[in-house]
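Me: Got a minute to walk me through this one? I'd like the overall picture, then the details.

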Amino acid sequence: MDLVKSHLMYAVREEVEVLKEQIKELIEKNSQLEQENNLLKTLASPEQLAQFQAQLQTGSPPATTQSQGTTQPPAQPASQGSGPTA
(Lines give C-alpha, C1' and ligand atoms only; values in the text may rest on other atoms or scores of the structure.)
Protein backbone atom coordinates (compact mmCIF):
# COMPACT_ATOMS: atom_id res chain seq x y z
CA MET A 1 0.00 0.00 0.00
CA ASP A 2 2.83 2.40 0.82
CA LEU A 3 4.39 1.70 -2.58
CA VAL A 4 1.18 2.73 -4.34
CA LYS A 5 0.88 5.83 -2.21
CA SER A 6 4.48 6.91 -2.83
CA HIS A 7 4.11 6.28 -6.56
CA LEU A 8 0.96 8.40 -6.70
CA MET A 9 2.58 11.18 -4.69
CA TYR A 10 5.56 11.17 -7.05
CA ALA A 11 3.26 11.36 -10.08
CA VAL A 12 1.30 14.22 -8.52
CA ARG A 13 4.49 16.14 -7.71
CA GLU A 14 5.69 15.74 -11.30
CA GLU A 15 2.38 17.00 -12.64
CA VAL A 16 2.46 19.96 -10.25
CA GLU A 17 5.92 20.90 -11.51
CA VAL A 18 4.76 20.71 -15.14
CA LEU A 19 1.73 22.86 -14.36
CA LYS A 20 3.84 25.41 -12.47
CA GLU A 21 6.12 25.73 -15.50
CA GLN A 22 3.12 26.15 -17.82
CA ILE A 23 1.70 28.84 -15.52
CA LYS A 24 5.04 30.64 -15.51
CA GLU A 25 5.24 30.55 -19.33
CA LEU A 26 1.64 31.77 -19.67
CA ILE A 27 2.26 34.64 -17.26
CA GLU A 28 5.31 35.70 -19.27
CA LYS A 29 3.42 35.45 -22.56
CA ASN A 30 0.51 37.41 -21.10
CA SER A 31 2.88 40.14 -19.98
CA GLN A 32 4.46 40.34 -23.44
CA LEU A 33 1.05 40.49 -25.11
CA GLU A 34 -0.09 43.24 -22.74
CA GLN A 35 3.01 45.28 -23.59
CA GLU A 36 2.43 44.73 -27.31
CA ASN A 37 -1.23 45.69 -26.92
CA ASN A 38 -0.31 48.92 -25.12
CA LEU A 39 2.24 49.76 -27.79
CA LEU A 40 -0.25 49.14 -30.59
CA LYS A 41 -2.84 51.27 -28.82
CA THR A 42 -0.41 54.17 -28.62
CA LEU A 43 0.60 53.82 -32.27
CA ALA A 44 -2.94 53.42 -33.64
CA SER A 45 -4.82 56.43 -34.90
CA PRO A 46 -8.19 57.32 -33.34
CA GLU A 47 -9.87 56.22 -36.59
CA GLN A 48 -8.22 52.81 -36.38
CA LEU A 49 -9.26 52.40 -32.75
CA ALA A 50 -12.84 53.37 -33.58
CA GLN A 51 -12.93 50.91 -36.46
CA PHE A 52 -11.56 48.17 -34.23
CA GLN A 53 -14.16 48.89 -31.53
CA ALA A 54 -16.92 48.75 -34.16
CA GLN A 55 -15.64 45.38 -35.35
CA LEU A 56 -15.60 44.06 -31.80
CA GLN A 57 -19.20 45.12 -31.28
CA THR A 58 -20.44 43.54 -34.51
CA GLY A 59 -18.41 40.40 -33.93
CA SER A 60 -16.84 40.50 -37.38
CA PRO A 61 -13.21 39.46 -37.74
CA PRO A 62 -10.72 42.33 -37.76
CA ALA A 63 -9.83 43.53 -41.26
CA THR A 64 -6.78 45.49 -40.14
CA THR A 65 -4.37 42.99 -41.65
CA GLN A 66 -6.00 43.33 -45.05
CA SER A 67 -6.84 47.00 -45.44
CA GLN A 68 -4.82 48.95 -42.88
CA GLY A 69 -2.04 46.48 -42.19
CA THR A 70 -0.60 46.96 -45.66
CA THR A 71 -1.05 50.72 -45.79
CA GLN A 72 -0.04 51.66 -42.24
CA PRO A 73 2.10 49.15 -40.39
CA PRO A 74 3.19 50.27 -36.91
CA ALA A 75 6.68 51.19 -38.14
CA GLN A 76 5.43 53.63 -40.80
CA PRO A 77 3.86 56.29 -38.54
CA ALA A 78 7.03 56.48 -36.47
CA SER A 79 9.26 56.74 -39.54
CA GLN A 80 7.08 59.45 -41.08
CA GLY A 81 7.37 61.60 -38.00
CA SER A 82 3.62 62.18 -37.96
CA GLY A 83 2.68 59.45 -35.52
CA PRO A 84 -0.07 59.89 -32.92
CA THR A 85 0.69 62.39 -30.22
CA ALA A 86 -1.78 60.91 -27.73
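**Fold and surface**

Reply: Sure. This is a predicted model, and its protein chain has four helices and zero strands. Read along the sequence, the pattern is α-α-α-α.

Me: What does UniProt list for residues 9-43?

Reply: An unreviewed UniProt entry lists that stretch, residues 9-43, as "coiled-coil region".

Me: And how much helix does the chain have over residues 9-43?

Reply: It's 100% helix and 0% strand there, with the end C-alpha atoms 51 Å apart.

Me: Switching to charges: which residues form the negative surface patch?

Reply: Glu 17, Glu 21, Glu 25 and Glu 28 form that patch.

Me: Where's Glu 28?

Reply: Glu 28 sits in helix 1, which covers residues 2-43.

Me: Why does Glu 28 count as partly exposed?

Reply: Because its relative accessibility is 43%, and partly exposed runs between the 20% and 50% cut-offs.

Me: What share of the whole chain is buried?

Reply: Of the 86 residues in the protein chain, 7% are buried.

Me: How about the accessible surface of the chain, what does that come to?

Reply: About 7500 Å², and carbon and sulfur atoms account for 60% of that.

Definitions and conventions: Residues are numbered from 1 along each chain as its sequence is written. This is a predicted model: local features need pLDDT of at least 70, side-chain atom pairs count only at pLDDT 80 or more; totals for chains, interfaces and linings use all residues. Side-chain values use heavy atoms; hydrogens and water are left out. UniProt positions are given in the numbering used here, feature names are shortened, and annotations may be inferred rather than shown by experiment. Helices (H or I, at least four residues) and strands (E, at least two) are DSSP runs, numbered from the N terminus. Patches are made of residues with over 30% relative accessible area and no salt bridge: like charges are joined within 9 Å, nonpolar side chains (Val, Leu, Ile, Met, Phe, Trp, Tyr) within 5 Å. Accessible areas come from the Shrake-Rupley method with a 1.4 Å probe; for residues, only the protein chains shown count as cover. A salt bridge is a side-chain nitrogen of Lys or Arg within 4 Å of a carboxyl oxygen of Asp or Glu. Lys and Arg count as positive and Asp and Glu as negative; His and the chain ends are not counted. The place of a charge is taken as NZ of Lys, CZ of Arg, CG of Asp or CD of Glu. Buried means under 20% relative accessible area, exposed over 50%, partly exposed in between (1.4 Å probe, protein chains only).
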